[in-house]
Amino acid sequence: MQLSRKEILNWLLAEDLQQLEVLWSLADQTRKRHVGGEVHLRGLIEFSNVCSRSCLYCGLRAPRDELPRYRMSSEEILDCARLARRCGLGTVVLQSGEDDALDVAWLEEVVRSIRRELPLAVTLSVGERSEAELRRLREAGADRYLLRFETSNLALLERLRPRQPAPRPARRIEILGILRDLGYEVGSGVMIGLPGQTHEDLARDIEWFRALDLDMIGVGPFIAHPETPLGRRPATFLAPDGKQAPPEELTAYKVLALTRLACPLANIPATTALSTLARGDGRRRGLLRGANVIMPDITPARYRSAYDLYPGQHDASPDILQECEQLGSMIEGIGRTLGRGRGDSENAKRRRHQPLTA
Ligand code: SAH
Ligand code: SF4
């Protein structure tokens with residue numbers, strides 16, 4: 001469904017819960033028609049919290065020197081992937097800080113080992129990397145890449161995610177194009193309610209999702225971390241004149257539902273940040289309002305507290321088999337089915353089969 005900027009804005013500003021039921025129902029019908037009733041689980045492996053960047057929103061930022069840093073070994077990562085397989089998952093997501101010292105040859109070997117041994121799709125989420133590195137990782141067998149553009153308000157992004165000194169890496173939007181050309185399934189997304197972000201910004205974010213023809217889209221509320229500049233001094237950054245978009249559950253559901261309407265074929269998770277904010281019920285509600293993916297955290301319990309993007313992120317049970325069973329029951333409870341296999345993006349399939357036009 002092609003909504004105009006004005007229509008998107010009207011929904012973002014709507015407060016009448018009965019009226020919003022119409023939006024939830026439109027998103028749910030669109031999800032059902034285009035990607036069906038399966039819910040795909042992706043096993044998230046947070047394999048390193050080492051980060052060279054200083055994003056003002058994130059608890060992993062480099063200047064936070066009291067945070068203990070870790071890098072998992074390739075054998076530990078492979079063990080997690082084996083566990084994912086035993087839990088019936090079809091994809092593992094390897095996520096880390098944006099580590100300038102990341103040994104890409106090592107990561108290539110990790111990807112190769114997983115792909116060789118297990119019938120799993122591999123998604124990477126390791127921040128901005130050079131074209132040469134992205135090519136090598138793709139050739140090693142990585143199938144998908146997640147890189148959120150965080151907000152389409154580029155002036156705000158510049159403030160919240162200070163750019164690197166020369167040689168400057170390509171900007172995230174440019175990297176999304178490179179990923180597409182390399183044949184990755186491409187995922188991106190934004191945070192909702194960043195200090196300084198307005199409803200107009202969110203409406204533009206949704207238009208960008210469509211223009212970028214994304215295969216996967218992650219949208220989640222911004223959650224203030226007390227050990228970051230945004231957590232310590234939020235008032236300094238807020239948008240003026242009551243224009244600030246609130247980092248609230250309801251706003252997150254609206255963006256999620258509108259994203260489904262804009263990008264009917266994309267894989268859209270009910271994100272961890274949403275379930276953190278909604279204290280347990282966010283995933284179920286997200287699935288009822290447009291989402292078709294959940295990403296349970298399968299990082300070994302001993303590392304979880306150090307992967308500290310925002311507070312409350314790791315409240316889920318560290319017993320992964322049990323968590324997957326509970327998710328399975330919840331999914332069946334809302335009349336959906338657990339996805340089998342890799343759960344490739346319908347959007348990417350459509351693109352591959354679309355004849356090239358002049
Ligand atoms: N370092 C990589 C991947 C890990 S961060 C990268 O930056 O791409 C993954 C995502 O966590 C980020 O894209 C951001 O959208 C989200 N995130 C970071 N801090 C957050 C916060 N305080 N609240 C909610 N989401 C946050
Ligand atoms: Fe590092 Fe990613 Fe956090 Fe930015 S969002 S500080 S790049 S982990």
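Helices and strands are DSSP runs, helices of at least four residues and strands of at least two, numbered from the N terminus. With that convention, D215 is placed in the loop between helix 8 (199–211) and strand 6 (216–221). The structure discussed here is a predicted model, and the account below begins with its two ligands before returning to this loop and to other individual residues.

Ligand 1 has 18 residues around it, and those that come nearest are Y57, S96, R148, E150 and I223. By class, this shell consists of nine nonpolar, five polar and four charged residues. Several polar atoms of the protein lie at short range from the ligand. From R148, a polar side-chain atom is 2.9 Å from an oxygen atom of ligand 1, and R172 likewise places a polar side-chain atom 3.2 Å from an oxygen atom of the ligand. The backbone also takes part: a polar backbone atom of I223 is 2.8 Å from a nitrogen atom of ligand 1. On its own, ligand 1 has 550 Å² of accessible area, and the protein covers 92% of it. The space that ligand 1 takes up is the largest cavity.

The second ligand can be described in similar terms. Around ligand 2 stand C51, R53, C55, Y57, C58, L60, R61, G97, E98 and R161. This shell divides into five nonpolar residues, one polar residue and four charged residues. For ligand 2, too, the space taken is the largest cavity. Y57 appears in both settings, being among the residues that come nearest to ligand 1 and also one of the residues around ligand 2.

E150, already named beside ligand 1, also has a notable backbone. Its phi is positive, about 70 degrees, although E150 is not a glycine. The residue is located in the loop that runs between strand 4 (144–146) and helix 6 (154–160). E150 counts as buried because its relative accessible area is 9%, and the cut-off for buried is under 20%.

A positive phi is found again at D213, where the value is near 55 degrees in a residue other than glycine. D213 belongs to the loop between helix 8 and strand 6. With a relative accessibility of 23%, D213 is classed as partly exposed.

D215 lies in that loop as well, but its relative accessible area is 0%, and it is therefore buried. What does the side chain of D215 contact? A polar atom of that side chain lies 2.9 Å from the backbone nitrogen of V186. In addition, the side chains of D215 and R351 are joined by a polar contact of 2.9 Å.

V186 falls within strand 5 (185–192), and the loop between helix 7 (172–181) and this strand holds G183. G183 has a relative accessible area of 32% and so counts as partly exposed. In space, the C-alpha atoms of G183 and D143 are 8.0 Å apart, while 40 residues separate the two in sequence.

A further pairing across the sequence involves T251, a residue of helix 10 (residues 249–262). T251 is buried, because its relative accessibility is 4%. Between the C-alpha atoms of T251 and E15 the distance is 9.8 Å, although these residues are 236 residues apart along the chain.

How values were computed:
Residues numbered from 1 in each chain as written. Chains lettered and ligands numbered in written order. Predicted model: local features only at pLDDT ≥ 70, side-chain atom pairs only at ≥ 80, totals over all residues. Heavy atoms only, no water. Near = heavy atom within 4 Å. Polar contact = N/O pair within 3.5 Å; in protein donor to acceptor, adjacent residues only side chain to side chain. Areas by Shrake-Rupley, 256 points an atom, 1.4 Å probe, with all protein chains shown as cover. 1 Å grid on protein atoms, 1.4 Å probe; cavity = no way out; pocket = protein on both sides within 12 Å on 5 of 7 lines; lining within 4 Å. Sits in = over half its atoms within 2 Å of the grid points. Nonpolar A, V, L, I, M, F, W, Y, C, P; charged D, E, K, R; others polar. Buried < 20%, exposed > 50% of the residue type's maximum accessible area, 1.4 Å probe, protein only.
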